[in-house]
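Reader: Hi! I have a new model open on my screen and would love to walk through it with you. Could you help me make sense of it?

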Amino acid sequence: MTATVMDPIKITNEELSEEFLNKYDTFLFDCDGVLWLGTHLLPHTKEILSQLTEMGKQCVFVTNNSTKSRAAYTKKFAGFGITVTEDQIFTSGYASAVYVRDFLKLQPGKDKIWIFGESGISEELSLMGFESLGGTDPRLDTPFNASTSPFLANGLDENVKCVIAGLDNKINYHRLAITLQYLQKKDTVHFVGTNVDSTFPQKGFTFPGAGSMVESIAFSSGRRPSYCGKPNMNMLNTIISAKKLDRSKCCMVGDRLNTDMRFGVEGKLGGTLLVLSGIETEERALEASDEHPNPKYYIEKLGDIYEYTH
Ligand SMILES: O=C(O)[C@H](O)[C@H](O)COP(=O)(O)O
Ligand SMILES: [Mg+2]
């Protein structure tokens, strides 16, 4: 293990917890691996979020998980007994929809989007007035047959101008095959990836992440996607301007070095906190690497801050 110039500080006691809490006004929380692992809420997540609110801190939730829309996430929080409003939530599905509207300048009502992914993408597009195809369409669940697929029967839809690809737990050959047909239209169809995460942390398991799926279709098409989730700075800029944040008073809290910590460091936020309850290990947090930055602080799990201060 090589020591870096600015060694990450491990939060292990009340004093360091207080120092950390007092430094920032706004905390940007990653969700998977930080707040929860699937349907399992991590210990003292609810308590630390209430503590921050009582201290007058602002909490924003920034997830690369595109499977749910912002509206669906408010329900997930509510299911855990945590009150969060939709304007506190930013997802990679929403960031992708913003990119399609504001950067690609596709036109709602005219241009359509083919989705390789779940309802979190189509719901955000629909709120912006975009029609989408593919995604959770049950006809894609059937085994692929080129001569009977309804997506090939009448030719491809000429109005599709973009493919958005993200995490899809119903990934199958039918979805891969039709997505590739649209991506082969290189001159007219853009390629957007929601997020690059190679893996997806769950309780006791690490599963394939969105990036593993997006890279599969990138490989077959020979194209590179524009990734919109963390660490893309467009996503951070959207959040900073929507919430009118002072970057120096913000701290990014995440469980991944190449997405969350990079987002905080490249975005010049005041601080970063890596939690070890998701993807990364202490060894990785401390190693010097060209692949990712080190965090400013790290801790075993977010709820420990609550425990140290109570
Ligand atoms: O593959 C994925 O989409 C991710 O692993 C994942 O869901 C990321 O979510 P986050 O950790 O940013 O909340
Ligand atoms: Mg995470």
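Reader: Let's start with ligand 1. How many nonpolar, polar and charged residues are in the shell around it?

Author: Happy to help. This is a predicted model, and in it the shell around ligand 1 is made up of 6 polar, 4 nonpolar and 3 charged residues.

Reader: Which residues come nearest to ligand 1?

Author: There are 13 residues around ligand 1, and the nearest are D32, T63, N64, N65 and G209.

Reader: Let me follow up on D32. Where is it found?

Author: D32 sits in the loop between β2 and β3. Outside its own stretch of sequence, leaving aside neighbours within four places, D32 contacts T63, N65, F200, P201 and G278. T63 and N65 are also among the residues that come nearest to ligand 1.

Reader: Is D32 buried or exposed?

Author: D32 is buried, because 21 other C-beta atoms lie within 10 Å and the cut-off for buried is 20 or more.

Reader: Thanks! What does UniProt say about this area, for instance which residues does the "active site" annotation cover?

Author: The UniProt record, an unreviewed entry, gives "active site" for D30 and D32. The same kind of record has a "binding site" annotation that covers D30, D32 and D255. Those three span 226 residues in sequence, yet no two of their C-alpha atoms are more than 8.0 Å apart, so they gather at one spot.

Reader: Nice. And where is the place of D30?

Author: D30 is in the loop between β2 (26-29) and β3 (36-37). It is buried, with 28 other C-beta atoms within 10 Å. Apart from neighbours within four places in sequence, D30 is in contact with V62, T63, V253, G254, D255 and D260. D255 in that list also belongs to the "binding site" annotation from the unreviewed UniProt entry.

Reader: At which other residue does UniProt place the feature "binding site"?

Author: The unreviewed entry also places that feature at K230. K230 lies in the loop between β13 (226-227) and α9 (233-243), and it is buried, with 31 other C-beta atoms within 10 Å.

Reader: What does K230 touch?

Author: Not counting residues up to four places away in sequence, K230 touches V62, N64, N195, M235, T259, D260 and F263. V62 and D260 are contacts of D30 as well, and N64 is one of the residues that come nearest to ligand 1.

Reader: Changing topic to the sheets. In what order do the 7 strands of the open sheet come?

Author: The order is β1-β16-β15-β14-β2-β5-β6, with parallel pairing. At the edges stand β1 (9-10) and β6 (89-91), each with a single partner strand, so one side of each is left without a neighbour in the sheet.

Reader: How many bridges join β2 to β14?

Author: 4 bridges join them, and the two strands run parallel, with β14 covering residues 250-254. Along that pair, F27 stands opposite C251 in β14. On to the next pair: β14 and β15 are parallel too, over 4 bridges, and there G254 stands opposite L274 in β15.

Reader: Why is β15 largely enclosed by the rest of the structure?

Author: Because 4 of the 5 residues in β15 (residues 271-275) are buried.

Reader: And the 5 strands of the other open sheet, in what order do they come?

Author: They follow β8-β7-β9-β10-β13, and the pairing is parallel. Here β8 (131-134) and β13 are the edge strands, each with a single partner strand, so each has one side without a neighbour in the sheet. β13 pairs with β10 (residues 190-193) in the parallel sense over 2 bridges, and G193 stands opposite Y227 in β13.

Reader: Quick one on A242: is it buried or exposed?

Author: A242 is exposed, with 11 other C-beta atoms within 10 Å, and its place is in helix α9. From C-alpha to C-alpha, A242 and A95 are 13 Å apart in space, while 147 residues separate them in sequence.

Reader: Last thing: what is the mean pLDDT of the protein chain?

Author: It is 97, and 98% of the residues in the chain reach 70 or more. The model also scores ipTM 0.98 and pTM 0.97.

Conventions
Residues are numbered from 1 along each chain as its sequence is written. Chains are lettered from A and ligands numbered from 1 in the order in which they are written. This is a predicted model: local features need pLDDT of at least 70, side-chain atom pairs count only at pLDDT 80 or more; totals for chains, interfaces and linings use all residues. UniProt positions are given in the numbering used here, feature names are shortened, and annotations may be inferred rather than shown by experiment. A residue is buried if 20 or more other C-beta atoms lie within 10 Å of its own, exposed if 12 or fewer, and partly exposed in between; C-beta atoms are placed from the backbone. Two residues are in contact if their C-beta atoms, placed from the backbone, lie within 7 Å. pLDDT is the predictor's confidence in each residue, from 0 to 100. Two strands pair if DSSP finds at least two bridges between them. A residue is near a molecule or strand if its C-beta atom, placed from the backbone, lies within 6 Å of it. Ala, Val, Leu, Ile, Met, Phe, Trp, Tyr, Cys and Pro count as nonpolar, Asp, Glu, Lys and Arg as charged, and the others, Gly among them, as polar.
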